Amino acid sequence: MNNIVIVESPAKAKTINKYLGDGYTVMASYGHVRDLPPKNGSVRPDENFAMDWEVAAQSQKHLKAIVDAAKSADAIYLATDPDREGEAISWHVLEELKSRKVLNGTEVKRVTFNAITKGAVLEAMGKPRELDTELVDAYLARRALDYLVGFNLSPVLWRKLPGSRSAGRVQSVALRLICERELDIEKFIPREYWTIDVDLAKDDGQKFTARLTHFNGDKLDKFGLPDESKAKSAQAAIEAASLSIESVEKKQKQRRPYAPFTTSTIQQEASRRLYFSARQTMDVAQKLYEGTSIAGETVGLITYMRTDGVQIDVSAINTIRSVIGQDFGSDYVPEKQRHYSSKAKNAQEAHEAIRPTDPSRRPKDVAPFITPDQLKLYELIWKRTIASQMESAVMDQVAAVISSEDRATKVRANGSVIRFPGFLKVYQDAPKGSADGETENEDDRILPLLAEGEALKRGAVKPDQHFTQPPPRFSEATLVKTMEEYGIGRPSTYASIIQVLQDRDYVRMDSRRFIPEDRGRVVTAFLESFFSQYVEYSFTAELENKLDEISGGRLHWKDVLAEFWHNFIAAIDGTSELRITQVIDTLDELLDPHLFPKIDGGKDLRKCQSCEDGRLSLKFGKFGGFIGCSNYPECRYTRQLSVNSKDDNGLAEGLKELGKDPISGMMVSLRAGPYGVYVQLGDQETMEAIATEKAAKEAEEASRLEAKPEAKAAEEAKKKKTKKTKAKKPKKLKVPKPKRSSLPKGMDPESVDLERALKLLSLPREVGIDPESGEMILAGLGRFGPYLKYGDKYQSLGVDDSVLEIGLNRAVVVIAEGKIKKGHGRGAGKSLGEHPGDGKAVTVKDGRFGPYVQHGSLRATLPRNQEKDAITLEAALVLLDAKAAKAGTKKKAATKKKAAARKKSAVKKKSAAKKSTEGHSVSDDKSLREVVAEIEAAAAPPDGTGTPAPDGAETTEKA
């Protein structure tokens, strides 16, 4: 039998080939084999949405191998991923096989499996099916929609908005979310309010804190104390009152565990807890899904990671419950299995949630076989899965109302204690103050035992001023969550959407938050003004639902395309008469809060700073938008779009004073230089004044020595002992440069205040003692960005770690991971044994260009047919010896080449010397120096001045 099995990736192919054994050849398509050509006419609405497909250049080789193998195959199994994209890849491969007429009656079957384990694969091979045409139709509809929007809307942007990149059906809506949030922040007006906390104590000394809730008999809302005077009045009332406990309310609350991971929730949690981007999360999950070698067997560690389902297979639940009982005891196993359901309506709901393929395979069991990032994500998935089947946590909550004698003033203390941890034993909530801006909850406090009527001792009464905060910018986690809530796109596409927005410079990341670039804001404003329907959240969500209906067989894909196209092309045609001046005026008005924000003092930012009677407004040039004067060409004043634009460095005037350094008293400023934005302590004038003052003190000290003969004599004696020096020149005043520090890449200049600037100026800073080496770890900024220094070694910091905030624990982790990546740490490779020559370890490792073996500094790449897990010490020694011999041959050849070059150079020098000494021989009685002297004498002019003759200069130089 000759059966061909086709999957997407070579790693997946290698694993499945081991499971199926003889009679099966598993081949990889390396992803999609063909796509719509990137040119007009690839989708033709006038021909009932006919579509042209083209095999990608990088896929030609892989597809040819599949076609050649299919010619002699008895059966072909299409075993790509079990989602819409996987179904599409199988369909494309089948269509190519049909068009090349190589099937000749060969049976083609479709198989899917949710996990790459031997049992799951063999079970799927025994239950083949036909291609799911409804899933393929849903793919065709999505691909056609994305093409029609991109190839019809993007040219409109290019014509009307020079400098714009492109628009997309879903990416433009995601960009609108980010831009609208930024506009909300810019428009936000802070509002003052006050709170009052009171320190209280029982007679036995137990202390706790309560917060004012009633004043003058009225219940206070958030703005009940709007200013300091009202807060002071409330403070005085509390200080004058005798307080006792009016009531104590106790209740017990259960917290149920979270559902296991879907694609969306794993991206959110990995962002919050692990600081992974959505793309990184999906890449690492793909590796865990495809599997690794454990105890000689390659096995997938998690189920398929593109899913909207939260259900788990019953047999897996039984294993999970068994693990819970073994690791935590029977009290943590609920009486019944927990079953979760999803509200998702699309085809991926049928898939299981993301879980370990074998829940009894604990993180510590797989740690030696996977990378640190893979271990982090696997541990997160394992804990979430185990927790989802554990007992609920039980919390005892207490609320005490403490009041004055007349009941006009009341404070409230809330607290809770965990009576039974349940699932929290395994899966704690994300840390407070994490990516979503969470803050500490007063309900988490633990209160002492309180009784009604009990009198309390009052301690400090602490009024505290607050200001309302604008909504936080989106992190990856909150953006993914919001897109899912709005129904924009699908979780499996979120990573690519976010990446496209960054690649096209529509947004940037600062402190793990999205900030829209001016280019992105202009594009969003244009689409909102002239294509409002197509960036509406409700329209995009409704279209996504229709695409899901296609995958469920409830709508025909061409009917959905026809309905969309009819209105869309009308909107495109409507812009043909749209004049650029109309576009500019519309965008200038819409972006006014961003381009010309209102500032304290009422300064009119639209007034030209150059000619003073011109008005500034939005303009467009060859390279995009800018701000220009209405008096052009007489006035040529221009600036970047906004004062907090990335290109303008956030500095309208080139300098921004942040405040004075509390130690030196010098001004700290934010400045724009030719190489970017930086902070500076003091200025050149200040440094000159300091240097002058220092020089004056030194001169005063010198005068003092002159006045005391004995001191002067001692000073002169000291000078005699030192080496003789030339006569002193007048001492030049040395003026040191002001201390400076560049802003780390990605830091928004608008976010830099005095506190942050002083932290930058204090770099490098001490982080803590390295527990491994005992040396101090330093965090600093260098030419290539932020770094950690330990001893004489350096480790770069990633974009997710702040050089100003990184602590010792995180620094130790970053250094350890850096050692592993560089091949210096534990887990850097698998040891094969000791080299018989010197006893040093021989290891096998994964490299950029594939696996290799290493001994000392010598490395040898494994042949393509050699599997990393099957290499032995003997085979490794053969490869290393061959590499050493090859390296030795190359070294000999290089040495020989260098020797020949040196010989040739010596011959040339000898020939030149011979020419320069013609007529002047060197004998035993005459030295070369004497011959040179004769040549110089002959070259001297007749007047004896010693100035060489013009033609004598060349001779002298050669001599």
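The following dialogue explains how to read several features of a predicted model.

Biologist: How many helices and strands does the chain have?

Modeller: The chain of this predicted model has 26 helices and 34 strands. Of its 959 residues, 43% are buried. The chain exposes about 52500 Å², and carbon and sulfur atoms supply 50% of that area.

Biologist: What share of the contacts in the chain, at a separation of 6 or more, comes from residues 24 or more positions apart?

Modeller: Such residues account for 65% of those contacts.

Biologist: How should one read the buried residues of a helix?

Modeller: An α-helix has 3.6 residues a turn, so residues three or four places apart point the same way. Now take helix α1, residues 10–20, where Lys12, Ala13, Thr15, Ile16, Tyr19 and Leu20 are buried. Seen down the axis of α1, these buried residues fall within an arc of 170°, so they line one face of the helix.

Biologist: What covers the buried residues of α1?

Modeller: The cover includes the strands β1 (3–7), β2 (24–28) and β14 (297–299), together with the helices α4 (118–125) and α9 (278–290). After α1 comes Gly21, with a positive phi near 75°.

Biologist: Which residues other than glycine have a positive phi?

Modeller: Two examples are Lys101, with phi near 55°, and Asn104, with phi near 50°. Lys101 is placed in the loop between α3 (84–99) and β8 (107–110), and Asn104 is also found in the loop between α3 and β8. Lys101 is exposed, with a relative accessible area of 70%; Asn104 is exposed as well, at 69%.

Biologist: How is a buried charged residue to be examined?

Modeller: One looks for a side chain of opposite charge, and then at the neighbours. Asp661, in the loop between β23 (655–660) and β24 (667–673), is buried yet has no salt bridge. A salt bridge would require a side-chain nitrogen of Lys or Arg within 4 Å of a carboxyl oxygen, whereas the nearest side chain of opposite charge, Lys739, is 8.8 Å away from Asp661. Leaving aside residues up to four places away in sequence, Asp661 touches Met666, Val668, Leu681 and Leu758.

Biologist: Where are cis peptide bonds found in the chain?

Modeller: The omega angle is the value to inspect. One cis bond runs from Tyr632 to Pro633, with omega near 10°, and Pro633 is in the loop between β21 (624–629) and β22 (638–639). Another joins Leu763 to Pro764, with omega near -5°; Pro764 lies in the loop between α22 (754–761) and β27 (765–769).

Note on methods
Residues are numbered from 1 along each chain as its sequence is written. This is a predicted model: local features need pLDDT of at least 70, side-chain atom pairs count only at pLDDT 80 or more; totals for chains, interfaces and linings use all residues. Side-chain values use heavy atoms; hydrogens and water are left out. Buried means under 20% relative accessible area, exposed over 50%, partly exposed in between (1.4 Å probe, protein chains only). Helices (H or I, at least four residues) and strands (E, at least two) are DSSP runs, numbered from the N terminus. The arc is that of the directions from the helix axis to the C-beta atoms. Contact means heavy atoms within 4.5 Å. Lys and Arg count as positive and Asp and Glu as negative; His and the chain ends are not counted. Accessible areas come from the Shrake-Rupley method with a 1.4 Å probe; for residues, only the protein chains shown count as cover.
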